Amino acid sequence: MALHFTDAEFESRFEKLKAAMEAEKLDAMLLFAQESTYWLTGYDTFGFCFFQCLVVTRDGEKVLLTRSADQRQARHTSNIADIRIWVDRGAASPVGQLKDLLFDMDLLGSRIGIEYDTHGMTGRIALQLNEVLTSFADISDASALIPALRAVKSPEEIAYVRKAAELADKAYYAALDEIRPGADEGRILAALQGAVFEGGGDYAGNEFIIGSGRDALLCRYKSGRRALSAQDQITLEWAGAYRHYHAALMRTVVVGTPTDRHQEMYLAAREALTAVETQLVPGKTFGDVFDAHAERMDAHGMMPHRLNACGYSLGARFTPSWMDMPMAYKANPAEVKPDMVIFMHMILMDSNTETAMTLGQTYLTTEGAPECLSTLPLDLPVKSG
């Protein structure tokens, strides 16, 4: 089996899950989030785009119901011993086959928690589940249970995050070497992504963000490339990914000479990043983190140009996003705890002057001050030729 963690690590995770299920009075859980199955068993696949469910009981059973195309994948990458195949045939529903499995596992009339809030479940499947299982068991939404456990990282996980951070730094320097007047965005992106692959890393949970000129103000990937002008700006958001664990970074690089607006926005972003570092300590909340960001941004008159969130947790994530919970937004009561991995992004987009400025890096929380996992300088990056 191609497992990336020790048996003791997986056993510890399962014990934490069973204790959480006991506290919630759940007899079983239906796991649809790929992140959950990877965390609990090592199972590594993008097959969750089809119907797939890991049934976990408080007594310690784990049964995977998946398609035939993923049978060998599950055997090779996970510690799941019991793998069942649902059959593609006519109008037959895999939900009906899941119900049969639950009956065979003696779960009729039990309390079952379901992971609804995941990209691994479509709305159609959710409707079918509710229709089929409502009279079968006492079902409830247990979407937040495993993410809460995953938010605090173990030493084995942190080792992979540190490797991801190392790859992210290398990727930046590879991209920076390509940034100059006349440079093609495609070559810059290739350098950024190639450095991660060359270092043994993985595809990230979502596409890297790259945009120059007016597109530097975008916070999402889009198709289409352009060549940089003699006076330009380019925004990059990327992540090192190793064993699916992420360490993200964000920068806006000025090509040519920074404008006064670039300088003003950079100062606000830098102060805001310093402010949030004071809140990334145990006893504070993710709402406190956001408030520190907003106060500094607003003090510089940047409220119309900032976002309504300034960061989020990172971990082992799969397509379509590397973003994890908790997220830093106003009044979020989620607590900052030691051994969380948190990406903080200071993003300013001034549409009036078409000026972009971003500054972001990933932190590991501790018992005291947070540790930045990147070695990149925080100076405003400028490439003049």
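This is a short talk on one predicted protein model, going from its overall build to a few particular residues.

I will start with the whole chain. The protein has ten helices and 15 strands. Its radius of gyration is 23 Å, and the globule rule gives 21 Å for 385 residues; the two are close, so the protein is as compact as a globular protein of that length. If you lay the C-alpha trace along its principal axes, the spans are about 70 × 45 × 35 Å.

How much of the protein is buried? Buried residues account for 57% of the 385. The surface that the protein exposes comes to about 16300 Å², and 52% of that is supplied by carbon and sulfur atoms. As for contacts, take those between residues at least 6 apart in sequence: 69% of them join residues at least 24 apart. On charge, there are 37 positive and 52 negative charges, and their mean positions are 3 Å apart.

Next, one helix. Please find α2, residues 34-41. Are its residues mostly covered or mostly open? Mostly covered: eight of its eight residues are buried. Read along the helix, they are Q34, E35, S36, T37, Y38, W39, L40 and T41. As a reminder, an α-helix has 3.6 residues a turn, so residues three or four places apart point the same way. In α2 the buried residues include Q34 at the start and T41 at the end. After the helix comes G42, with a positive phi near 90°.

Now to a glycine in a loop. G205 sits between α8, residues 185-198, and β7, residues 209-212. Is G205 buried or exposed? The cut-off for buried is under 20% relative accessible area. G205 has a relative accessibility of 3%, so it counts as buried. What does G205 touch, apart from its neighbours within four places in sequence? The answer is H246, together with R317, F318, T319, P320, S321 and W322. For a distance in the other sense, G205 and R296 are 91 residues apart along the chain, and their C-alpha atoms are separated by 30 Å.

Two of those contact residues, T319 and P320, bring me to the backbone. The peptide bond joining T319 and P320 is cis, with omega about 15°. P320 is in the loop between β10, residues 309-313, and β11, residues 324-329. There is also a cis peptide bond between M325 and P326, where omega is about 5°. P326 is placed in strand β11 itself.

While we are on backbone angles, look at two residues other than glycine that have a positive phi. For R243, phi is near 55°. R243 is in the loop between β8, residues 232-242, and β9, residues 245-255. Its relative accessible area is 24%, so R243 is partly exposed. For D339, phi is near 70°. D339 belongs to the loop between β11 and β12, the latter being residues 341-350. With a relative accessible area of 31%, D339 is partly exposed as well.

The last topic is aromatic rings. A pair of aromatic rings is described by the distance of the centres and the angle of the planes. How many aromatic pairs are there? The count is 14. One pair is F5 with Y160: the centres are 5.3 Å apart, the planes are at 70°, and the arrangement is edge-to-face. F5 is in the segment before α1, residues 7-23, while Y160 is in helix α7, residues 155-178, so this pair ties together parts that are 155 residues apart in sequence. F5 and Y160 are both buried.

A second pair is F51 with W86. Their ring centres are 6.1 Å apart and the planes meet at 85°, so this pair is edge-to-face. F51 is in the loop between α2 and β2, residues 53-57, and W86 is in the loop between β4, residues 82-85, and α4, residues 94-104; the pair therefore ties together parts that are 35 residues apart in sequence. F51 and W86 are each buried.

Finally, which residues do ring pairs link into a cluster? They are F5, F10, Y160, Y242 and Y245. F5 and Y160 you have already met as an edge-to-face pair. That is where I will stop.

Methods
Residues numbered from 1 in each chain as written. Predicted model: local features only at pLDDT ≥ 70, side-chain atom pairs only at ≥ 80, totals over all residues. Heavy atoms only, no water. Helix = DSSP H or I, 4+ residues; strand = E, 2+ residues; numbered from the N terminus. Rg over C-alpha atoms; globule rule 2.2 N^0.38 Å. Buried < 20%, exposed > 50% of the residue type's maximum accessible area, 1.4 Å probe, protein only. Contact = heavy atoms within 4.5 Å. Areas by Shrake-Rupley, 256 points an atom, 1.4 Å probe, with all protein chains shown as cover. Lys, Arg positive; Asp, Glu negative; His and termini not counted. Charge placed at Lys NZ, Arg CZ, Asp CG, Glu CD. Phe/Tyr/Trp six-rings, centres within 6.5 Å; stacked < 30°, edge-to-face > 60°.
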